[in-house]
Amino acid sequence: MEFVKDTHINFLGHRRAAFIFSLILIGVGVVSLLVQGGPKLGIDFQGGILLQVRFEKPIEAERIRDTLAGIGLGGAEIQHFGNDREAIIRVSEEDDVDLTSQIVEALNAENPDNNAEVRREELVGPKVGKELQSKATQAIIYALIGILIYISIRFEFRFAVGAVAALVHDVLITLGIFSMTGFEITLPVVAALLTIVGYSLNDTIVIYDRIREDKRKLYGRSFVEIVNTSLNESLSRTLVTSLTTLLVVLCLFIFGGEVIRDFAFALMVGVIIGTYSSIYVASPLVVEWQIAQDARRRRKR
């Protein structure tokens, strides 16, 4: 199915403006991360206890907070989960296995007509959290190195640099948006970031393949013309793939529930940013590389 046909959009004519736009997005995200002291890490990486508690009747978060303050847990994070009868309680840097029973006993003692029931419990020690944080970072770095090697072999080194730069661009912007919106970085979110890397890469490789074919078909044309033609020829496929994927992820975000909301949000941001970067970052960087290479050759003559 072709969503759009026979387009002649001058994508590369706007590449400098796109670079500036991307740098602004990354800069805003980095500033947000610096101001907030880094990404907001979930229990998976920070260590601590997460409890999902269900009450018989609606209860205010402030009442739960006051109850926990009475047993020395005034720093606990409280937020409602789905409705005002369920709440998520996060207690950082604790590995006391009896803490769960202490919390439940305190809540039931303070609210005898509104008993609390634990629906979910996650416990991660601080050392395990730091280890997971390190391994998640390594997973993303190793994935990028592997991609750099693979694309260098399949195409050329300059194509690999363009693709990896676009992937780093996608991950940085996604992290920045997470920082600004207050979403947590958890293990499912890291899985989503790796999925974004794969999704964006797939789109970029399809365009690179078309550029390689068009270099043979359009012999004698400038490299800018060839890349522009390839981007237009791939546009329909790019839009159809992105829109159908986005529709599915949007359904997950709206109807999937609180448990996978962060994961779906990361994917949603990644699909949008990945589509943009495959058109306005990966290929334009290869074009800039080619222009710089041609300029060096002319100077040597």
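## A walk through the helices

Start with helix 1 and helix 6, which cross in a left-handed way. Before you zoom in, keep in mind that this is a predicted model.

**Stop 1: helix 1 against helix 6.** Select both helices and look along the place where they pack: their axes are 8 Å apart, at an angle of about 45°. That angle is why helix 1 counts as oblique to helix 6. Now show side chains. Which residues of helix 1 meet helix 6? On the helix 1 side, pick Ser22, Leu25, Ile26, Val28, Gly29, Ser32 and Leu33. Facing them from helix 6 you'll find His169, Leu172, Ile173, Leu175, Gly176, Ser179 and Met180. Colour this contact by class and you get 8 nonpolar and 6 polar residues, with no charged ones.

**Stop 2: helix 7 against helix 8.** Next, select helix 7 and helix 8. Here too the axes sit 8 Å apart, but the packing angle is about 145°. What is the hand of the crossing where helix 7 passes helix 8? This one is right-handed. Try the class colouring again: the contact of helix 7 with helix 8 has 8 nonpolar, 8 polar and 7 charged residues.

**Stop 3: the largest nonpolar core.** Hide the ribbons for a moment and pick out Ile151, Phe159, Tyr208 and Ile211. Of the 54 residues in the largest nonpolar core, these four touch the most other members. Bring the ribbons back to see where the core comes from: helix 1 (15-35), helix 5 (126-154), helix 6 (157-181), helix 7 (187-217), helix 8 (223-255) and helix 9 (261-300) each put in at least two residues. Which helix gives the largest share of this core? Helix 9 does, with 13 residues.

**Stop 4: Ile151 up close.** Centre the view on Ile151. Setting aside its neighbours within four places in sequence, Ile151 is in contact with Glu156, Phe159, Ala160, Ala163, Leu201, Ile205 and Tyr208. Two of the residues from the previous stop, Phe159 and Tyr208, turn up in that list.

**Stop 5: a second core.** Now move away from the largest core. Apart from it lies another core, this time of 18 residues. To find this second core, select Leu51, Ile78, Ile89 and Leu99, which are among its members.

**Last stop: Ile145.** Go back to helix 5 and click on Ile145. Is Ile145 exposed or only partly exposed? With a relative accessibility of 42%, Ile145 counts as partly exposed. To finish, draw a distance from Ile145 to Ser277: C-alpha to C-alpha, they are 19 Å apart in space, and 132 residues apart in sequence.

Methods
Residues are numbered from 1 along each chain as its sequence is written. This is a predicted model: local features need pLDDT of at least 70, side-chain atom pairs count only at pLDDT 80 or more; totals for chains, interfaces and linings use all residues. Side-chain values use heavy atoms; hydrogens and water are left out. A nonpolar core is a set of buried Ala, Val, Leu, Ile, Met, Phe, Trp, Tyr and Cys residues joined through side-chain atoms within 4.5 Å. Buried means under 20% relative accessible area, exposed over 50%, partly exposed in between (1.4 Å probe, protein chains only). Helices (H or I, at least four residues) and strands (E, at least two) are DSSP runs, numbered from the N terminus. Contact means heavy atoms within 4.5 Å. Axes are lines fitted to C-alpha atoms, for helices over the stretch in contact, and angles run from 0 to 180 degrees between N-to-C directions. Angles under 35 degrees count as roughly parallel, over 145 as roughly antiparallel, 65 to 115 as roughly perpendicular and the rest as oblique. A crossing is left-handed if the near helix is turned anticlockwise from the far one by less than a right angle, and right-handed if clockwise. Ala, Val, Leu, Ile, Met, Phe, Trp, Tyr, Cys and Pro count as nonpolar, Asp, Glu, Lys and Arg as charged, and the others, Gly among them, as polar.
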